[in-house]
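This report describes the strand pairing, the aromatic contacts and the surface of one protein chain. The sequence and the model are shown first.

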Amino acid sequence: MIHILFGTIKRSTAPRQYIHDIDGFFDGYFCEQWMNNEWADRVLELIDKSILIAPKIVESPILGSISHEWISGGAKQLIMMNCEQYIVYDGDNLGDNCWELLLELGQTKDIMMSLSYYPRFSWIPGGKVHILNSDITVTDFKSFNKLHLMTEDRNREFDFYEVHWPFPIDMTKFALEEIDF
């Protein structure tokens with residue numbers, strides 16, 4: 001299920017397990033397993049209108065053959081969310097075109113994220129989102145929209161550790177010594 005905190009995370013309190021800079025984390029910690037699956041193929045096709053040629057090569061209709069580092073931030077985050085759980089993502093990295101796939105992924109993965117912007121998207125059948133601010137689970141866009149617009153927290157900056165995340169954060173992920181440049 002997707003677990004969303006409406007608001008932002010104060011960067012000075014966020015551990016490395018809060019993925020605010022998706023480009024830096026995806027590019028710096030890249031694992032080929034993130035791209036060696038059908039999910040990555042679908043994400044690239046639907047979000048970037050591109051084709052995965054090899055784990056590090058993507059064929060873009062506009063740019064031609066490009067490095068995996070040049071795919072969109074939304075595609076990077078969806079691909080990473082499929083493989084890396086029990087960390088927290090900044091949902092503001094996702095464009096409106098990413099939300100249907102996010103709802104689909106949330107049917108099989110536990111995803112924790114913050115969100116301050118107002119996304120506009122079509123809700124898919126079976127999609128569920130647990131709103132951490134109100135401890136309410138929504139199953140349709142109208143309810144999601146209502147809670148998002150009604151919460152005063154959407155513009156609030158939270159200390160990372162004051163949030164009651166539904167799962168323990170895996171503090172072993174993304175240790176500095178694991179960066180592969």
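Six strands form an open sheet in the order β3-β7-β8-β1-β9-β10, with mixed pairing. Strands here are DSSP runs of E with at least two residues, helices are runs of H or I with at least four residues, and both are numbered from the N terminus; two strands pair if DSSP finds at least two bridges between them. The edges of the sheet are β3 (18-19) and β10 (136-138), each of which pairs on one side only. At the β10 edge, 3 bridges link that strand to β9 (residues 129-131) in the antiparallel sense, and Ile131 stands opposite Ile136.

The model is predicted: local features need pLDDT of at least 70 and side-chain atom pairs count only at pLDDT 80 or more, while totals for chains, interfaces and linings use all residues. Residues are numbered from 1 along each chain as its sequence is written, and side-chain values use heavy atoms, with hydrogens and water left out.

Strand β5 pairs with both β4 and β6, as the table sets out.

| Strand pair | Sense | Bridges | Hairpin connection | Facing residues |
|---|---|---|---|---|
| β4 and β5 | antiparallel | 3 bridges | 2 residues | Ile51 and Glu59 |
| β5 and β6 | antiparallel | 4 bridges | 3 residues | Ile57 and Ser67 |

Strand β5 covers residues 57-60 and strand β6 residues 64-67. Strands of a sheet pair through backbone hydrogen bonds, either parallel or antiparallel.

Two of the isoleucines in the table recur at the surface. Ile51, Ile53 and Ile57 make a nonpolar surface patch of about 290 Å². Patches are made of residues with over 30% relative accessible area and no salt bridge; like charges are joined within 9 Å, and nonpolar side chains (Val, Leu, Ile, Met, Phe, Trp, Tyr) within 5 Å. A salt bridge is a side-chain nitrogen of Lys or Arg within 4 Å of a carboxyl oxygen of Asp or Glu. Areas come from the Shrake-Rupley method with a 1.4 Å probe, and for residues only the protein chains shown count as cover. Ile53 lies in strand β4 (residues 51-54) and is exposed, with a relative accessible area of 53%. By the cut-offs used, buried means under 20% relative accessible area, exposed over 50%, and partly exposed in between.

Ile9, by contrast, counts as buried at 4% relative accessibility. This residue belongs to strand β2 (residues 8-9). Between Ile9 and Tyr117 the C-alpha to C-alpha distance is 13 Å, and 108 residues separate them in sequence.

The whole structure contains 19 aromatic pairs. Rings of Phe, Tyr and Trp (its six-membered ring) pair if their centres lie within 6.5 Å; planes under 30 degrees apart count as stacked, over 60 as edge-to-face and the rest as tilted. Phe25 and Phe174 make an edge-to-face pair, 5.4 Å centre to centre with 85 degrees between the planes. Phe25 lies in helix α1 (residues 22-28) and Phe174 in the segment after β11 (157-158), so the pair ties together parts that are 149 residues apart in sequence. Both Phe25 and Phe174 are buried. Elsewhere, one aromatic cluster is formed by Phe6, Trp99, Tyr118, Phe121, Trp123, Phe141 and Phe144.

Over the chain, the secondary structure comes to 5 helices and 11 strands. The radius of gyration is 16 Å, close to the 16 Å that the globule rule gives for 181 residues, so the chain is as compact as a globular protein of that length. That radius is taken over C-alpha atoms, and the rule is 2.2 Å times the number of residues to the power 0.38. Of the 181 residues, 47% count as buried.

How values were computed. Buried means under 20% relative accessible area, exposed over 50%, partly exposed in between (1.4 Å probe, protein chains only).
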